[in-house]
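Visitor: Could you walk me through this one? I'd like to start with how far to trust it and then look at the backbone.

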Amino acid sequence: MIALRDILIFAGLMALAAAVVASLFPVREGVSPVPACSDCAFKLTGGYWIRQYGNYASLYLGTREAARYGWAYVDGGPLSAGEAAGCDPMYLWVLNGIAYVSCSGSNNPAFGREVGVLAPAAAVDISANPLGPGCAYTADVITNVMNGTMVTLYVYDAHGRLVYSSSGAAPTSFTFSVPAAGAYRMHVYAPPLLDSWYTLYAGVNVVPTKAVVYTGNNTQDLRPAISLKVFDLTGFWKKGYTSVVVYVDPGMRSFALSAPSNAFADFLLAWEDCPTCDPTYGAVYVDEAWRLTFTNHGPVLARVFSQGGYWHKVYADGNLIWAWNTQGPKQTTYNGADPSIDVRFVSPASVMNAEALFTKTCSWS
Amino acid sequence: MWSTAYGLIALAVVAFVVLYAALHAPAFTSVNLADQLYSAKSRLESSLPSLPRTDKPAYFRVYSNIVRIEVANATAYGTSFPAELPLGYKLAAEGNNLLYEIYLDVESCKPVALQGGGAAVLYVVELRQSVDVLPWLAVYYADVNAAAYYGQLYGLYRAWGRPPAVGLDLGAPLSKAEWALVYNATSGSAVLYVAAPPSSPYIVVEDYPLAIPLACPR
């Protein structure tokens, strides 16, 4: 009489035996071999381990070789020949015949190398504003590094003196103003991502008509081609002079000028009203002398000296501000607006009419 | 009663064995790199029109999935209007087991005389790729007269009120361009030289299915 009880007992004993056998098999008896493939992923449980040989890597189950691959990488790094690694469970990716082993299963290997598209980087975006005092530069340091990176910015003048420095964590923005016209060097330093030098050029661009710009004395008689001499004095003030004497004509007439305070740029304008008067060694380029100073509040045009028998008219930005020997305004100072001012001298001898457009420019490269 | 107890024990043992065997058998999935590559490239292809564009070198240097452009004046019907010229790309897409990156940047564009006579514009394009083993690379030029193409773009400019991008597919047929990919041992990148007719407004570098239009800087 075979009862349900006997069947159950028999099944139980069979199952016990099977369990005993099954508990042994991952160690020695490979029941499910690792398929050979060039691109695949495995989760291996049991005594799997991998050994690197000189020209191939072998995956072992216990002592039995299960598969061969081109090379073995464990947690991102390659195994040297003779090295072995194993863990339980073992995650194994095979890409292009190369075996990538991970014990945690987290670092999923990727085929394809980084060519710099996603690389950590930082860069500077410079912009400049000629309005307001000096030249206002803005250096935006941008980065794709998650927690930012420390960046330091130095600005040196043409003599190598530090005029500005600041540091901060990128992405950040530095704004600084260079007080006087001239060339500056800017160093943006955020190792190892960024180490760049830039040249900043702050200056006043002069567009002359019948005029010429000098940076020192000029006593030549250049009529009728040149009726206006523009003397750029900025460099003398930056050198530390407190006053200068500018010689403007063959008769060695001069103008003594003292240093302005906080000027971005400073010019002396010396104009002659007549193409033939005052023979050589006479008084030329002294009929109107005006000084143009770019201050913190914009360009300021101020009269220094006037003389001569002709009438003169001086226009600033198209407005008549000064009339000599004729009816008209007697304004000796004119306050212009950043970034530019236009100065025009007019006399009855129209061949001597001169004009100069001064524009504050803030550039970089 | 006893029989039921034995039965339950046996069932538990069977369940244990089944579970144990299931947990200890190697789990196997196939990794399809070809599919991953294709889907990464087609994702980039579909996002190409909406990628951010910049004319600032700093932004192009730092960010990825960005297009470097230059806004230049184009002329149509005697009118000048702004158009965006695509000059560089930094594209990246990740698959499960794949990193696809491509960097393209037009270094220069110059007129050259072809050996067989005739003129061409030589595009010099810097090319970097994360996956060198490509199925293939193809280079085309837009087989349309630039004047006619800019006429179409001008319509878009009027309709949109913003500069259209050169390289927009407006139905121009693509013809195979002569090209050469030159690897140089002294620099990390390859240079792609493309000769296109001077009348063609843009070229297309195709890593199928990703098709990238490039124009000449002005």
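Guide: What follows is a short conversation about confidence, a sheet and some backbone details.

Guide: This is a predicted model, in which local features need pLDDT of at least 70 and side-chain atom pairs count only at pLDDT 80 or more, while totals for chains, interfaces and linings use all residues. Residues are numbered from 1 along each chain as its sequence is written, and chains are lettered from A and ligands numbered from 1 in the order in which they are written.

Visitor: What does chain B average in pLDDT?

Guide: The average for chain B is 89, and 98% of its residues score at least 70, where pLDDT is the predictor's confidence in each residue, from 0 to 100. For the model, ipTM is 0.77 and pTM is 0.76.

Visitor: OK, the sheet. Which strands form it, and in what order?

Guide: Six strands make an open sheet with mixed pairing, ordered E6(A)-E5(A)-E9(A)-E8(A)-E1(A)-E1(B). Strands here are DSSP runs (E, at least two residues), numbered from the N terminus, and two of them pair if DSSP finds at least two bridges between them.

Visitor: And which strands stand at the edges?

Guide: Those are E6 (77–78) of chain A and E1 (27–30) of chain B, each of which has a single partner strand, so one side of each is left without a neighbour in the sheet.

Visitor: How many bridges join E1 of chain A to E1(B)?

Guide: Four bridges link E1 (residues 40–44) of chain A with E1(B), and the two run antiparallel. Within this pairing, A:Lys43 stands opposite B:Ala27.

Visitor: Changing topic: where are the cis peptide bonds at A:Pro171 and A:Pro339?

Guide: A:Ala170 and A:Pro171 are joined by a cis bond with omega about 0 degrees, and A:Pro171 sits in the loop between strands E13 (162–170) and E14 (172–178) of chain A. The bond from A:Asp338 to A:Pro339 is also cis, with omega near 0 degrees, and A:Pro339 is in the loop between strands E26 (333–335) and E27 (340–346) of chain A.

Visitor: Why point those out?

Guide: Most peptide bonds are trans, and most residues other than glycine have a negative phi.

Visitor: What about phi at A:Asp317?

Guide: A:Asp317 has a positive phi, near 50 degrees, and lies in the loop between strands E24 (312–316) and E25 (319–324) of chain A.

Visitor: And B:Tyr77: buried or exposed?

Guide: B:Tyr77 is exposed, with 10 other C-beta atoms within 10 Å, whereas A:Asp317 is partly exposed, with 16. A residue is buried if 20 or more other C-beta atoms lie within 10 Å of its own, exposed if 12 or fewer, and partly exposed in between, with C-beta atoms placed from the backbone. B:Tyr77 has a positive phi too, near 55 degrees, in the loop between strands E3 (66–76) and E4 (79–95) of chain B.
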